[in-house]
Amino acid sequence: MAPADRAAVLALWRKLGTNVGIYTTEALERTFVAFPSSKTYFLHLNLSPGSAQVAAHGQKVADALSLAVNHLDDLPGTLSYLRELHTHKLRVDPVFFKLLCHCLLVTLARHYPGDFSPNMHASLVKFLNHVISALAPSSG
Amino acid sequence: MSILLTHPCPSPTPGGGPLPLTNSLILLGEGRTLGQEMRNKRPHSEEAAQTCFWPIRITSKLPDTMVHFTTEEKAAVASLWAKVNVEVVGGESLARLLIVCPWTQRFFDSFGNLYSESAIMGNPKVKVYGRKVLNSFGNAIKHMDDLKGTFADLSELHCDKLHVDPENFRLLGNMILIVLATHFSKEFTPQMQAAWQKLTNAVANALTHKYH
């Protein structure tokens, strides 16, 4: 990632502070509502709005993204255990990650409209695309 | 598009017996009947030619609907649309597409300065075109039960003249959603997002419908 993109994502993450989990949880809830087939990976959880189980998973996603933000030089290495888990054990369709990332962008745009300039948006998209590449095999 | 119906009723021919397909009066639309089509394209076997259909004349075209919007979804979309400033949201959505997905700039070579975020956001041609695109969404909202028909001409234009890869329609749809989220954070609940997501996906599909 280019220095300007890294700096932008790091600055935003500092601003989000300890609230990252709140936004990733909202992103998960939005994914379930807008793309109902995505619930297939979470049928073992209570998926009703405000569910503590979804919040717990949202926090796991937040922790992984925060780890990624602080290891931008080696995302594949840093996320290799998650790649193994999501690809081989959970067998998640990579499309799901794109849907979740889109809903995360919508969530952040909603909560931080003043910070969500087009350049910030572009930097976040690059960051999330790198995360998805490290997490999931590319199709074809 | 017309739809062929078959009816499991006894044959109307005197003394019973099957009604040959080649005599069918089932209307296919545009003045053609199934019988004419079968006479033009002779079946390979007599057996096929003797397939019985009770002729049912379809006198009206059925709407070509692949997506069904519930009453709640239509109401949600309409309520937010009433608050949208088409010039602002349209211009910003297109600008974001050009900035976040820079390959899309190739479709707008004649727009002049697209070299920076501020140049794109301030470009008057981007604003005008963005407003045009969002006005077509306004048209979609008025015709949510027949998006394919509504966008047929635009679909041909984007395929035959503009050569736009259909994936870009989906990307622009997502940009519109993000811009709506920045402008209407309170109203943009998960249910509101889902309704608009369905609309933008359906418009993207309708725009792709005439591609070949």
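**Pocket.** I looked up which element gives the largest share of the lining of the largest pocket, and it is helix 7 of chain A, with 9 residues. The model is predicted: local features need pLDDT of at least 70, side-chain atom pairs count only at pLDDT 80 or more, and totals for chains, interfaces and linings use all residues. Residues are numbered from 1 along each chain as its sequence is written, chains are lettered from A and ligands numbered from 1 in the order in which they are written, and side-chain values use heavy atoms, with hydrogens and water left out.

I noted a volume of about 840 Å³ for the largest pocket. Its lining has 37 residues, and the closest to the centre are Val125(A), Asn129(A), Val100(B), Cys101(B) and Leu171(B). Chain A gives two or more lining residues from helix 6 (94-111) and from helix 7 (118-135); chain B does so from helix 4 (86-100), helix 5 (117-122), helix 9 and helix 10 (190-208).

My terms: on a 1 Å grid over the protein atoms alone, a pocket is an open set of points where a 1.4 Å probe fits, with protein on both sides within 12 Å along at least five of seven lines; lining residues have an atom within 4 Å of a point. Grid points are joined across faces, edges and corners, and the volume is the space filled by probe spheres set on the points. Helices (H or I, at least four residues) and strands (E, at least two) are DSSP runs, numbered from the N terminus.

**Cysteines.** I searched the whole structure for disulfides (cysteine sulfur pairs within 2.5 Å). I found 0 over all chains. For Cys101(A), the nearest cysteine sulfur is that of Cys103(A), 9.5 Å away. Why is Cys101(B) not bonded? Its closest cysteine sulfur, in Cys101(A), is 14 Å away, too far for a bond. Cys101(A) is buried, at 14% relative accessible area, and Cys101(B) is buried at 4%. Buried means under 20% relative accessible area, exposed over 50%, partly exposed in between (1.4 Å probe, protein chains only).

**Chain B.** I counted 10 helices and 2 strands. The two β elements are written before the α elements in the pattern β-β-α-α-α-α-α-α-α-α-α-α. Of the 212 residues, 42% are buried. I also checked contacts (heavy atoms within 4.5 Å). Among those between residues at least 6 apart in sequence, 72% join residues at least 24 apart.

**Helix 6 of chain B.** Residues 124-142 form this helix of 19 residues. It reaches 27 Å from first C-alpha to last, close to the 27 Å expected at 1.5 Å a residue. The expected span is 1.5 Å times one less than the number of residues. Its buried residues include Val126(B), Leu134(B) and Phe137(B). Which residue caps the N-terminal end? Asn123(B) does, with a side-chain oxygen 2.8 Å from the backbone nitrogen of Lys125(B).

**Asn174(B).** I found this residue in helix 9 (residues 167-183) of chain B. Asn174(B) is buried, at 13%. Its side chain makes a polar contact with that of His102(A), at 3.5 Å. A polar contact is a pair of N or O atoms within 3.5 Å; within protein, one must be able to donate a hydrogen and the other to accept it, and residues adjacent in sequence count only if both atoms are side-chain atoms.

**Ser118(B).** Buried or exposed? Ser118(B) is exposed, at 57% relative accessible area. Its side chain makes a polar contact with that of Ser116(B), at 3.3 Å.
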